[in-house]
Amino acid sequence: MTEISMAQALNAALRDAVKDDDRVLIFGEDVGPLGGVFRVTDGITADFGEERCFDTPLAESGIVGFAVGMAMGGFRPVVEMQFDAFAYPAFEQITSHVAKLRNRTRGALSLPMVIRIPYAGGIGGVEHHCDSSEAYYTHTPGLRVVTPGTPQDAYDLLRDSIDSPDPVIFLEPKCRYWSKEPVSFTREGAAMDRAVVRRAGEDVTLIAYGPMVATALETAAAATAEGWDVEVVDLRSLSPFDDETVTASVRRTGRAVVVHEAAGFGGYGAEVVARVTEQCFHQLHAPVLRVTGLDIPYPPPKLERHQLPDVDRILDTVARLQWHDEPVVAGA
Amino acid sequence: MSRETSAAALLPSGVPVRFLAEDGTRVDEHGHYSEPPSERLVEAYRLMVLGRRFDAQATALTKQGRLAVYPSSAGQEACQVASALALTDADWLFPTYRDSVALVARGLEPGEILTLLRGDAHCGYDPAETRVAPQCTPLATQTLHAAGLAHAMQRRGEDSVAFALIGDGATSEGDFHEALNFAAVFEAPVVFFVQNNRFAISVPFEKQSAAPALAYKGVGYGVRSEQVDGNDAVAVLSVLEDAVAHARSGGGPVLVEAHTYRIDAHTNADDATRYRDRAEVERWRAADPVRRLETYLTTENLLSADDVERFRAEAETFAAGVRDTLNADVEPDPLSLFEHVYAVPTRQLAAQRALVAAEVEA
């Protein structure tokens, strides 16, 4: 196994999918000769031709709506939205059509398509380049929403997503594009809608996904010095949600903290907390807490260190699980 | 093919293409377009009579509470029928909620068409089998689907065309513009047909667009464009057949604007007297497309009094069938709610299905 970055793992997944299935087409803005602004589609046009990987006009709704028609016509489009906030013009196409066409047509038409969205911050991006938009998509029935936390999962999940008969919102954590690990291309690892325990522990479960998986693992390592044995669950699939893996972990540890970059209010973490509380109430020794981004528009780069959950903030929250009679402020 | 670089070659006719004056007499305002064969015109007339009767019946069923809502296309029969007649069975039609008469003309069952408006299901027919996309409620979104599907068919070597219907209001939506641009860049075999019926619910065309005609909107995208008298069935059929042939032969997309008028309100939920004069409606009634074609065909001895009688009787029988179908009480299966949300059902939905099943049982 060679050590490659998450961006390279995604590139390998796209290449292998294009190679294995003539119906798979990659398109979007700048995905052709440029190889995408993050180089995820690097060299695919050169190697497979413009028929298989091509640039489109700059219009996100157009890209997604065009992909809907292409999928209706028997292809399996994999489109790129370039940056999280750039996908908002396509929101109507995604929620009104991509998510619903199978249901509207009572199964007569399906949309096996993948919408790749580089998301979240931590790269010093200017405004509109660092949104965590997962809650918009997970709130929409009919979509599958996945996000890899590691290069191996990036490869496996993207291959699974392209094979999926259901449309998938594929959220790529930008700040992890350059993280490396040895990657196997045998697809033995990931299951499309299963969470995974990244690190076993006895005292508390950290529930994370995407960009926060690595931060959660760093926290778990640092927590040993504080006497905490922390388990880390990587959700991978945000919708559908893997209750079994999560509740099995929390029932064992009795304490849980959900970590994400997106704003906490009305956020995805609230859903996780609700589900865990409903299913593990009698095993919980403390309320399930959240560590999230602040409830503010994503800040300018020089201030983003205050926005992003880090090891210290997560450790402080973990410590509070001992004294649960103190007032708790989500995201604080 | 080489891309058209002359704007002049894309420009629509200076005045709407027309073969028939409002009184049904033949006029020569049709440029290079030729009159369709008389059998086609008689067939168009038959379907227009049928469509008008269907529309009246559906409107009546709304008043009786059998349909949740019905957006009438009375006055737009020429556009509706020509849309269906211009296509082969292998072409794809992308209709809106107002285009039920086009689906009748396409040969779909009224019960299947009205499933959406009755409130039973979002789409009552099989789009894959009929090559009719679900009637689209969001405005202009389906124009992109048509462009994408047209491109897909072209790649697969089919010579089929995608035909997208929209109204004047939808031309203000971004997706309409993105679709024209995508279709032009990809040289996709798609026809965009705008039925400008002068109103987007209550907003008149004057407040919708400052363009001299919506047909001009194609030129900036490199899309061949045309405008036609939407109440002249001869003209609409001729222009749409030409547009479809152009797209089918690899000439790229075409935009056609029909100038027509919505005689009834937006739907039964809307009071049209609040935003337009009775006199205006009466002026457009005088331009009625069904009577216009009937006068022409009768005068030219292409249609006999017996034919007219026969078509009307056929329409009555058809309407009776629509009534019978819609008056039958059908209770959709509540558990069907959980079907086709995903191809691979989720565990969460399985649990909710069990909940509803228990509630239904109780």
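Q: In which hand does helix 9 of chain A pass helix 10 of chain A in this predicted model?
A: Helices (H or I, at least four residues) and strands (E, at least two) are DSSP runs, numbered from the N terminus. A crossing counts as left-handed if the near helix is turned anticlockwise from the far one by less than a right angle, and as right-handed if clockwise. For helix 9 of chain A passing helix 10 of chain A, the crossing is right-handed.

Q: Are helix 9 and helix 10 of chain A parallel or oblique to each other?
A: Their axes (lines fitted to C-alpha atoms, for helices over the stretch in contact, with angles from 0 to 180 degrees between N-to-C directions) come within 10 Å and cross at roughly 60 degrees. Angles under 35 degrees count as roughly parallel, over 145 as roughly antiparallel, 65 to 115 as roughly perpendicular and the rest as oblique. The two helices of chain A are therefore oblique.

Q: Which residues of helix 10 of chain A are met by helix 9 of chain A?
A: Contact means heavy atoms within 4.5 Å. From helix 9 of chain A come Asp243(A), Val246(A), Thr247(A), Val250(A) and Arg251(A); they meet, in helix 10 of chain A, Arg275(A), Val276(A), Gln279(A) and Cys280(A).

Q: Which are the edge strands of the open sheet in chain B?
A: Two strands pair if DSSP finds at least two bridges between them. The sheet has 5 strands in the order 3-4-5-9-8, with parallel pairing. Pairing on one side only are strand 3 (92–94) and strand 8 (224–229) of chain B.

Q: Which residue of strand 9 of chain B stands opposite Gln195(B)?
A: Strand 5 (residues 190–196) and strand 9 (residues 254–259) of chain B pair in the parallel sense over 6 bridges. Opposite Gln195(B) stands Ala258(B).

Note on methods. Residues numbered from 1 in each chain as written. Chains lettered and ligands numbered in written order. Predicted model: local features only at pLDDT ≥ 70, side-chain atom pairs only at ≥ 80, totals over all residues. Heavy atoms only, no water.
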